[in-house]
Amino acid sequence: MGTGSQKPKPKYKPKNEVLRKPEGMARELFNLLVNDSKDAAPLFPADTELNPMPTEDICQNFNELRSDLVLLYELKLGLSTCEYELQALRHQYEALAPGKTLEIPPSLLSNNDPTIQPEEIPSRPKTLSEVIDIVGSAATPMLDETTPVYNLSNHTIMRLFELKEQQRLSTAKSFMKKIEDFKEVSRRSDEEECLRKKQELEERLVPKRESQVDVERTIQRLQDEARQRFQQKEDQINQKLKEIKSIQEKELQENLKKKALELRVAEAKRRKGMSSSKLESLLQLLNESVTACQERDSFLQTVQTKLDRVTALKAQFQVVVNNVNHEDPLNSAIRSENIVKQVEDLVEVIRDDIAKNNAIVQEKNASSKRQQPQPPLSSSTVMPVTSSAVKQEHRNDQHGRLDKKTCDGNGGQEDFDFVRREDLVMYSQLQTELRQYEANTAAFSGDLSLKTLRFELQKAVLHPVNEISDQSGQHLQDKLDRLRSLLQGNSVHVGSKMVRATEHPGGLEYCTNLLARRLVAQGEDQVNVNPKAAFPIAAIITELWLEFPVFGRLVLAHFYRQCPYLVPYYLPQQEGQSNEDYYKSLGYRYSGGKVEQQPTYLKRMSGVVRLYAAVLISLPRRNQPHPHGLEHAWRYLAALLNLSPRNDITAAILVEFLTVAGSAMSKEYGKQFQKMLHLICTEYFTMIRNVTPKGSGGGPVTRLEEFLHESIKKGGISPPAGQLSPRFW
């Protein structure tokens, strides 16, 4: 068959197949191609043809692309699931291992993890899952479902596949890297945990050989010894450093003490020199006054006790000045100043006595001259002066007038039945000084503008006084320091405030007198109820008396005013004096116009006498001389026995005085006191019985009789209960 007989092959004609358009892919493809998200640029340029020819290849590739998109979406969900499991494993690890934290590398986490700070996420290219929004978003522009998205050019499709492949590879690499990192972290954690558990199991289950145990023990022992040696060396070094530091501190303290001691020695030397000069001037002034005394021989007998006291103080001053205390050189200086102050007070009293004696002698001489018939002398100017001085003293002291009147009647040489002349002069002088002192503080006491200051000063005085007790030596020292600081004019605490007695003129005098009065009043208020309270109060009085002699004279004046029987002085009722005034002068209290009962009065007076006797036997600290010691107790007891006893009051004060001061007087005066006690038991007690009315009960007399019988039975007087020991404070 020839070629012509062959039928020509028909040309291929494409079947008119209808290509099915993928459903629901318009939105997905648009999001892939023309995404206008802020984070990712579109895969195709904006001029890409959106309606390409729907060839078979394009449709097949489009379907594959859609499958890749679905896979990518599933990978994105898987990544989220892995991140969730990763966080769960981290929390489980932290729960099993308290105190440890599993750090997850930021590269394993997506950007949506809120626990990772933005600055901790390393910069990397965004993954396809972050760029493609599979399900779309509200901001994506909507396309019509009928948009022919398969009408794309070949070039555009190729670019689409290239970009898609790059993003898929990048996403896969990133995801795989995260998985590898996570596996590495998990592997390390698992290895550490396994190693730890393995060691624990080996220690628990696998028995060690003896050689291993010995080696471990040896290693442990060597380590312990090394640590001990190291610690010992450190301790030795620290100890040496402490010793060096302690030596340096001691040397520094010694140098400071040496310098302070040198300063105190210089200050003590200066103050001793001033005290010596002042003492010489006082003695010279006393000699001049004694030289100018009229009727010297008869008068000096009345003040011989005071002169002897001045001589004794002078000798004591020389001993104190020559004594050198290397530990506290200022102590001797202070003691010398106190002695000089006592001498000054005595010299002042003796000079006043001499001046009064001269005035009396001059008045007697002038009176005898007036009785003579001779004409008056032209030089009679002395008479008005002395007469006015005597009259002024009479106006100031009612008891002084009585003393003067009686002295003129008997020549001034005899004592009275109610008081000795010397004691009356002393009593009058103290009461005159007290009234003058109170007059000097009247302006301060009556100033209404100073009411607040007075109230604070009263609290500064009353609070320490009311708190005085024998609780402890430190407690008593605190009260003494507060009162001493107040009298020195320093600032003291009153509650939350600071107050000073020298803030206003008259304030210091006001505090001094108030303190003296309140301490004496404690005899009536506190000692009356608690007899042992007399001794700490007496110790405070004695210490303040040593440092402030003016305070001491005020205390003595208040004692005599509160209880005149301490002079001793049985005050007589004067002409024209009412019963109420007379009883008040004896110390009785009136309430509603009625005088207090006799037992109450006797009890209060006994408290005052007990406090006064406690002052007499109180021992000053640092062996200082007592400003009002046992010599005054002897003088008082001798003067009391030289007066006729009175009903009740004599027995009451005598038994109280002997109970407190009897033991100390017996030690001090020995047989002389025994003679005096024998006199009391025989003659004086009989006199007391004679003045005691029959049927009056005689309570004080009975107590005195029992006390004397007990003393005779024991062979002496026992020390008083509650007396402070010398080492108490």
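Let me start at T441, which sits in the loop between α11, residues 421–440, and α12, residues 442–446. Before going on: this is a predicted model.

T441 is buried, and its relative accessible area is 5%. What does T441 touch, once neighbours within four places in sequence are left aside? The answer is G506, E509 and Y510. There is also a C-alpha distance to mention here: T441 and G507 are 7.7 Å apart in space, with their positions 66 residues apart in sequence.

Now the chain as a whole. It has 729 residues, of which 38% count as buried. I count 23 helices and four strands in it. If you take contacts between residues at least 6 apart in sequence, 74% of them join residues at least 24 apart.

Next, the cores. In soluble globular proteins, nonpolar side chains tend to be buried together. Here the largest nonpolar core has 104 residues. Which of its residues touch the most other members? Those are Y560 and F657. Helix α19, residues 598–617, gives this core its largest share, twelve residues. For F657, not counting residues up to four places away in sequence, the list of contacts is V609, A613, L616, A633, Y636, L637, G662 and M665. Apart from that core lies another one, with 22 residues, including L282, L300, F317 and I350.

On to helix pairs. Two packed helices are described by the angle between their axes and the distance between the axes. I have two pairs to show.

The first pair is α15, residues 507–527, with α16. Their axes come within 10 Å and cross at roughly 165 degrees. An angle over 145 degrees counts as roughly antiparallel, so α15 is roughly antiparallel to α16. The crossing is left-handed. On the α15 side the residues are L515, L519, Q522, Q526 and V527, and they meet A534, I537, I541 and L544 in α16. How does that contact divide by class? It has seven nonpolar residues, two polar and no charged.

While we are on α16, look at A539. That residue is in this helix, which runs over residues 534–547. Is A539 buried or exposed? A539 is buried, at a relative accessible area of 5%. Beyond residues up to four places away in sequence, A539 touches L476, S618, L724 and W729. Its C-alpha atom is separated by 8.2 Å from that of A614, and the two residues are 75 apart along the chain.

The second pair is α22, residues 671–691, and α23, residues 699–714. These axes come within 11 Å, with a crossing angle of roughly 160 degrees. That makes α22 roughly antiparallel to α23. This crossing, too, is left-handed. From α22 the contact takes L677, I680, C681, F685, I688 and R689; from α23 it takes V701, L704, E705, L708 and I712. By class there are nine nonpolar residues, two charged and no polar.

A few single residues remain.

K479 is in helix α14, residues 473–487. Is this lysine, K479, buried or exposed? K479 is buried, with a relative accessible area of 4%. Neighbours within four places in sequence aside, K479 is in contact with P464, E467 and I468.

Then the backbone. Where is the cis peptide bond? It joins V567 and P568, and omega is about 0 degrees. P568 lies in the loop between α17, residues 549–562, and α18, residues 579–586.

The other backbone point is D648. This residue is not a glycine, yet it has a positive phi, about 70 degrees. D648 is placed in the loop between α20, residues 630–641, and α21, residues 649–669. Its relative accessible area is 15%. The cut-off for buried is under 20%, so D648 counts as buried.

To go back over the buried residues in loops: T441 is one, at 5%, and D648 is another, at 15%. In helices, the ones I showed were A539 in α16, at 5%, and K479 in α14, at 4%. That is where I stop.

Methods:
Residues numbered from 1 in each chain as written. Predicted model: local features only at pLDDT ≥ 70, side-chain atom pairs only at ≥ 80, totals over all residues. Heavy atoms only, no water. Axes fitted to C-alpha atoms, helices over the stretch in contact; angles between N-to-C directions. Helix = DSSP H or I, 4+ residues; strand = E, 2+ residues; numbered from the N terminus. Parallel < 35°, antiparallel > 145°, perpendicular 65-115°, else oblique. Left-handed = near helix turned anticlockwise from the far one by under 90°. Contact = heavy atoms within 4.5 Å. Nonpolar A, V, L, I, M, F, W, Y, C, P; charged D, E, K, R; others polar. Buried < 20%, exposed > 50% of the residue type's maximum accessible area, 1.4 Å probe, protein only. Core = buried A, V, L, I, M, F, W, Y, C linked by side-chain atoms within 4.5 Å.
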